[in-house]
Amino acid sequence: MKHSVLIVGLGNIGMLYDIHLPKKDNILTHCNAFSQHPDFELIGAVETNSELRSLFEKEYKLPSSKDIESFLADNQLSPDVYVIANSTENHLNAIEQIVAISNPVGILCEKPIAYNVDEALEICKLCKEKKIKIFVNFIRRADPGILELKNRIDAHQIEGPFKLVAWYSKGLIHNGSHFVDLFDFLFGSINSFKIINPGPKTGKDAEPDFLLEYNSAKIFFTAADADNFSLNKFELVAKNGCLTYQGNGDMTWKIAEPEKQAHGNIPLSEKDEIILGDMQKYQYNILTKLSNALNSNDDNCLCDGESGLKNITILNKIISSI
């Protein structure tokens, strides 16, 4: 079944990241992804900025309005799916408007679902009452490389217990939340956290160094100064090898070779196995999984509302403890 889609918010992730790139090879925004994916029909956008609306209409040849109610009234359309890509502080307001005047089957919300737990709870409550499937756009969950890593961990081909070091930059909520969600996806629920270094605070966000503990993993998060360069990578040490995740989504795996033990030392393989990601088309990959979820196929890799609530809850606990 093909679902009609309205995008609320035409900023970077909404439209701008790939606006000047070859669109077939770089699917980094909601507009580009929904316009290309065969399971969806992009029908328009909502944006308060008139210049962005004009750019959208020129680029995608579709209508836009300054608010949701005007778009629905002017175009006599009823979207099956809404994308919430406006500012985080306006997520709840947008969803309140949607449930008051529309009856969609699904919502794809940008991360984080909200800045505070009360608003996240209200969003989840509204969607549950209206029987709307809501998902949070943590893009790595749909990346083929990450899914291959999870399959190997679940099958004990990469064996725990695990120790990891994860580097992030530009804020725990803004960017570090991706890795917090990813590790929940890979390892389950967090047991505890410990602040190592509080780092700087900026508005609602912060850049602490801290330790997360799971049943099978201990993960040390450390913040890099984004004024110098951006950094989003991690290294995973398993019982039987070592894996490095690069910022582009590709991973290198080196398996331990006990048969080559010498002088009491077990070496890692000299040959890297490359596990390929697909971060140039991350938003398209999300939509394939979203289509499966909306059509009740057996695909539960996306971050749902409950997981998004869990994510912002732990982020708030970490920041408030600084």
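## Two sheets, their helices and two pockets

An open sheet of seven strands runs in the order β3-β2-β1-β4-β5-β6-β17 with mixed pairing, where strands (E, at least two residues) and helices (H or I, at least four) are DSSP runs numbered from the N terminus, and two strands pair if DSSP finds at least two bridges between them. Its edge strands are β3 (64-65) and β17 (303-304), each of which pairs on one side only. The model is a predicted one, in which local features need pLDDT of at least 70 and side-chain atom pairs count only at pLDDT 80 or more, while totals for chains, interfaces and linings use all residues. Residues are numbered from 1 along each chain as its sequence is written, and side-chain values use heavy atoms, with hydrogens and water left out.

Within the seven-stranded sheet, strand β1 (residues 3-8) and strand β4 (residues 81-84) pair in the parallel sense over four bridges. Valine 5 stands opposite valine 81 in β4.

An open sheet of eight strands, also with mixed pairing, has the order β8-β11-β12-β7-β13-β14-β15-β16. Because β8 (192-197) and β16 (273-275) stand at the edges with a single partner strand each, one side of each is left without a neighbour in the sheet. The twist averages 15° from one strand to the next; axes here are lines fitted to C-alpha atoms, for helices over the stretch in contact, and angles run from 0 to 180 degrees between N-to-C directions.

Three strand pairs are set out below.

| Strand pair | Sense | Bridges | One residue pair |
|---|---|---|---|
| β7 (residues 162-169) and β13 (residues 233-238) | antiparallel | five bridges | lysine 163 and valine 237 |
| β7 and β12 | parallel | eight bridges | alanine 166 and phenylalanine 221 |
| β11 and β12 | antiparallel | four bridges | phenylalanine 210 and phenylalanine 221 |

Strands β11 and β12 also form a hairpin, with three residues between them.

Helix α8 lies across β7, β11 (209-213), β12 (217-224), β13 and β14 (241-245), and runs at about 160° to β7, contact being taken as heavy atoms within 4.5 Å. Helix α10 (residues 305-320) packs on the sheet as well, touching β8 and β11, and its direction makes about 40° with that of β8. The structure holds 13 aromatic pairs, for which rings of Phe, Tyr and Trp (its six-membered ring) must have centres within 6.5 Å, with planes under 30 degrees apart counted as stacked, over 60 as edge-to-face and the rest as tilted. One of the pairs, formed by phenylalanine 162 and phenylalanine 187, is tilted, at 5.4 Å centre to centre and 40° between the planes. This pair links distant parts of the chain, since phenylalanine 162 belongs to strand β7 and phenylalanine 187 to helix α8, 25 residues apart.

Phe187 also takes part in a helix-helix contact, in which Ile146, Leu147, Leu149, Lys150 and Ile153 in α7 meet Leu182, Phe185, Leu186 and Phe187 in α8. By class, this contact has eight nonpolar, no polar and one charged residues, where Ala, Val, Leu, Ile, Met, Phe, Trp, Tyr, Cys and Pro count as nonpolar, Asp, Glu, Lys and Arg as charged, and the others, Gly among them, as polar. The axes of helix α7 (residues 144-154) and α8 come within 9 Å and cross at roughly 35°.

For helix α4 (residues 68-75) and helix α5 (residues 91-101), the axes come within 10 Å and cross at roughly 35°. Here Ile68, Glu69 and Leu72 in α4 meet Ala94, Gln97, Ile98 and Ile101 in α5, and the contact divides into five nonpolar, one polar and one charged residues.

The largest pocket has a volume of about 1100 Å³; a pocket is an open set of points, on a 1 Å grid over the protein atoms alone, where a 1.4 Å probe fits, with protein on both sides within 12 Å along at least five of seven lines, and its lining residues have an atom within 4 Å of a point. Grid points are joined across faces, edges and corners, and a volume is the space filled by probe spheres set on the points. Of the 37 residues that line the largest pocket, Tyr17, Lys111, His174, Asn175 and His178 lie nearest its centre. Elements giving two or more residues to this lining are α1 (12-16) and α8 (172-187), and α8 gives the most, with four residues. The lining divides into 12 nonpolar, 17 polar and eight charged residues.

The second largest pocket holds about 220 Å³ of space and is lined by 14 residues, of which Val8, Val46, Thr48, Asn86 and Asn90 lie nearest its centre. Helix α5 gives the most to this lining, with three residues, and by class the lining has four nonpolar, seven polar and three charged residues.
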